[in-house]
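Biologist: Got a minute to go through this one with me? Pull it up and let's chat.

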Amino acid sequence: MATIQAPNKLFSLTSSSNSRRGIIKATINAPKIWITPLPLPKLSSRGLVEELDRRSCYEMATTTSTPMEKDSTSWINNNTSVRQSIDASDPMVIARLYAIMEVVADRVEMHKNIGEQRDNWNNLLLTSINAVTLTAATMCGLAAVNASGAPLVAFKVSSTVLYLAATGMLAIMNSIQPSQLAEEQRNASRLFKQLNAQIHTMLAIGNPTISDVNEAMENVLALDKAYPLPLLGDMLEKFPSTVKPAVWWPQQKQKKVKRLGRKMDGNGWNRKMEDEMREIVGVLKRKDKADYLRLGEIALKVNKILAISGPLLTGLAAMGSAFVGTNPWAVIVGVVGGASASIVNTIEHGGQVGMVFEMYRSTAGFFKLVEETIESNINERDVRTRENGEMLEIKVALQLGRSLSELRNLAASSSSRNGKAAEEFASKLF
């Protein structure tokens with residue numbers, strides 16, 4: 001018998017010869033391999049994606065990179081404050097944001113429906129009051145034709161009653177300004193839609209925090225205050241003493257910091273961009289916002305004159321119709337006053353002067369919001385807490401209806417005038 005063994009002792013070969021049969025036998029002896037089950041990690045009930053997110057967030061939290069290095073990995077920063085948490089799977093934060101989105105969607109429908117209702121008020125009241133006024137003027141003329149008797153008294157009384165009714169209706173309509181109310185609700189509906197889109201984007205990008213929830217709630221309350229729904233009590237003043245831009249965002253105290261003298265790097269900001277943004281703010285203040293405030297003052301004065309003239313003319317017409325038959329000038333006052341009141345009422349509410357005033361006021365508020373957004377960023381010393389500079393520049397350019405090159409040219413032309421007002425307006429949309 002001969003035995004051959006390999007160096008690794010994995011097998012052995014044994015051969016034997018049988019002189020009688022002449023058979024060679026070979027056997028291979030291999031070591032036994034025991035297969036044991038591999039331990040697999042147990043996945044929690046939260047799901048595979050949430051488990052991986054949790055582990056990746058833990059690894060990010062335990063790294064030793066600097067804050068600037070962490071911030072440089074992100075190309076966008078839409079927050080005005082430092083993120084307080086990196087846990088993207090907090091169910092309570094997400095649930096609150098979805099609850100706010102539901103409330104915002106309901107606000108959109110409420111303001112839309114109420115805006116349509118108040119626009120109908122303007123059309124129906126305008127038609128009704130003009131019909132009443134012209135009917136009263138016609139009866140006043142018929143009373144002058146019938147110099148005496150029962151027809152004279154009937155026409156006089158009817159004309160006087162209709163004029164008094166028109167005077168009261170005009171006074172109420174001019175005080176609430178339905179066209180301006182409708183414009184307020186249209187603006188509120190648009191701004192609530194914008195807020196809904198911002199919250200949706202926040203959830204889509206991920207990583208929402210409790211500060212995002214608080215900011216969304218503050219925006220909702222600020223919009224409710226800027227555009228109230230009730231007519232009595234909280235209604236906006238329709239004839240203010242001074243015209244101010246509309247404000248529909250929460251007011252926050254801005255940090256007072258010194259101007260940076262060195263070139264800033266990181267988060268899309270540099271010294272040149274800072275100077276360009278400051279020039280754009282200057283143009284907005286000197287030209288766009290100032291011009292719309294001036295137009296708003298003109299619209300307010302015209303609206304005040306028309307709002308006083310309408311009821312005054314119908315009141316004079318009522319007095320004239322009451323004295324028809326006793327004074328030859330009474331019928332002239334009654335008929336001409338009624339016709340003039342219809343013209344004034346048509347100009348004021350048919351031309352929707354109140355809506356025009358609200359449009360100017362809200363447009364000035366838009367420019368103020370752009371100014372505050374830019375100033376709140378350039379006044380913040382830590383570039384990591386600013387909105388990304390490149391994204392802010394794109395947003396400002398699109399909001400003003402310009403391309404990036406046009407926006408930079410505007411800043412360059414403004415700075416070349418040594419602080420004087422630029423001839424060109426910043427916005428090309430309004």
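Modeller: Here is a short run through the fold, one histidine and some rings.

Modeller: It's a predicted model, where local features need pLDDT of at least 70, side-chain atom pairs count only at pLDDT 80 or more, and totals for chains, interfaces and linings use all residues. Residues are numbered from 1 along each chain as its sequence is written, and side-chain values use heavy atoms, with hydrogens and water left out.

Biologist: Okay, how many helices and strands has the chain got?

Modeller: Eleven helices and two strands, taken as DSSP runs (H or I of at least four residues for helices, E of at least two for strands).

Biologist: What about His 349, buried or exposed?

Modeller: His 349 is buried, with a relative accessible area of 1%; buried means under 20%, with a 1.4 Å probe and protein chains only. His 349 lies in helix α8, residues 328-350.

Biologist: Which side chain does the His 349 side chain make a polar contact with?

Modeller: That of Asn 174, at 2.6 Å. The term covers N or O atoms within 3.5 Å, one able to donate a hydrogen and the other to accept it; residues adjacent in sequence count only if both atoms are side-chain atoms.

Biologist: Switching topic, which charged end sits over the ring of Trp 269?

Modeller: The one of Arg 386, 4.8 Å from the ring centre. Likewise, Lys 287 has its charged end over the ring of Phe 425, at 4.7 Å from the centre. The rule is NZ of Lys or CZ of Arg within 6 Å of the ring centre and within 35 degrees of the ring normal.

Methods. Buried < 20%, exposed > 50% of the residue type's maximum accessible area, 1.4 Å probe, protein only.
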